[in-house]
Amino acid sequence: MSAVPPHFARLLAAGRGGFNARVAQMRSRVPTFDAEAFGEFLREGVAPLVETVATRLPDAADACALAAFDHALELVARKLVGPGARNPLVARTWSQLLPALAAQVAPAPAPTIAALTHAAMHLDRVPEDRAVRWVDQMKRLGPRAASRDELLALGQVLAWTAGLSHFREGALEKLATLTPTLACAAMGAPSSLTLEAMCARLRADRWWSPDDVITHQAARGFELGAFTGFGGAFPEPPQVRAAGEDFVVRSGDRHFWLLADVHGWSLHPATPTDFDHAPDRGEGEGTRVTTSTVSQVIGTPLSHRLRVMPRATHPR
């Protein structure tokens, strides 16, 4: 078991009464609260941030420690960190990303910690390697952000490029607010491409990226879906209908919106009415291809798996 580092240990000792009262209040509110897991998260998750702030920005250390302590209490109470936590990215965000962004976190620790933690929770929906890449990119590019707002805008852009396709519209708005050099670095764009031109092309073509490697990989499509018995979303082989640029999917009594672009795909709740009102544009009796205005989904009546990709006639 690791020891609490010196700066954080002194802060805990100085505020022992208040910190102990907060723990007692949480244990009263949540009888299953795991005090041992909380102690470990203080050492592994909270201490790296507080120690960094105390070293670099000592005047901000007390406020940062208090905000991190309170937020950590909630995370442990909700079992979002510690033994059995489903999403390891939350703990990684605290132990690795927050200390790297200490200068941006310290001026407004509570809302900044909350925003970055919330982003990590959303990234539970994407493959682990993409989620880890979000942390790595934020560690690399985040210190360039000139303000908290720019940092959070960068986080949303990178979460979209990690595969959260439903972030697309908001991320495009945020991308336009970044400095050109930071925006190009986030998107893997050549420096010769202006921010205005990049944003315009991205808005016009959801299957284009300024990074040619990403565009070419997306052209092969993304596989999605699995049987619910194996942890997937589909109890039965899904039926797909197009709705504008997107798709509506029915599987048994479940209905979903399927959103996809060059960075990935996501499923969101839909209603039977959404499915019934969408035109059936599928073609083929074995392998079935359903085409929207910009994308296509390929599936078969015997499989729970689908593949979504750019429409065959979509201009590249």
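1. Start with the open sheet: it has four strands, in the order β1-β8-β7-β6, and the pairing is antiparallel. Strands β1 (222–224) and β6 (288–291) are at the edges with a single partner strand each, so one side of each has no neighbour in the sheet. On average, and ignoring direction, neighbouring strands here are turned by 25° against each other. Keep in mind as you read on that this is a predicted model.

2. Inside that sheet, have a look at β7 (residues 295–299) and β8 (residues 306–310). Four bridges pair these two strands in the antiparallel sense. If you want one spot to check by eye, take Ser295, whose bridge partner in β8 is Pro310. As a reminder, strands of a sheet pair through backbone hydrogen bonds.

3. There is also a hairpin to find, made by β2 and β3 with two residues between them. Strand β2 (residues 239–243) and strand β3 (residues 246–251) run antiparallel and are joined by five bridges. Ala243 has Asp246 as its bridge partner in β3. In the turn, Gly244 has a positive phi of about 65°.

4. Now for the nonpolar cores. The largest one has 76 residues, and the members that touch the most others are Trp94, Trp134, Leu175 and Met198. Trp94 is a good place to zoom in: leaving out residues up to four places away in sequence, its contacts include Phe41, Val46, His71, Leu75, Pro99 and Ile113. A second core, separate from this one, has 18 residues, among them Phe222, Leu224, Phe234 and Val240.

5. Helix α11 (residues 180–187) deserves a stop too. Its buried residues include Leu182, Ala183, Cys184, Ala186 and Met187. What do the buried residues of α11 pack against? They pack against α8 (128–141), α9 (148–161), α10 (168–175) and α12 (195–204). Just after α11 comes Gly188, with a positive phi of about 65°.

6. Last, the cysteines. How many disulfides are there? The count is zero, taking a disulfide as a pair of cysteine sulfur atoms within 2.5 Å. Why is Cys184 not bonded to Cys199? The closest cysteine sulfur to that of Cys184 is in Cys199, and at 9.0 Å it is too far for a bond. Seen from the other end, Cys199 is in no disulfide either, with the sulfur of Cys184 as its nearest cysteine sulfur. Cys184 is buried, with a relative accessible area of 9%, and Cys199 is buried with 10%.

Note on methods: Residues numbered from 1 in each chain as written. Predicted model: local features only at pLDDT ≥ 70, side-chain atom pairs only at ≥ 80, totals over all residues. Heavy atoms only, no water. Pairing = 2+ DSSP bridges. Axes fitted to C-alpha atoms, helices over the stretch in contact; angles between N-to-C directions. Core = buried A, V, L, I, M, F, W, Y, C linked by side-chain atoms within 4.5 Å. Buried < 20%, exposed > 50% of the residue type's maximum accessible area, 1.4 Å probe, protein only. Contact = heavy atoms within 4.5 Å.
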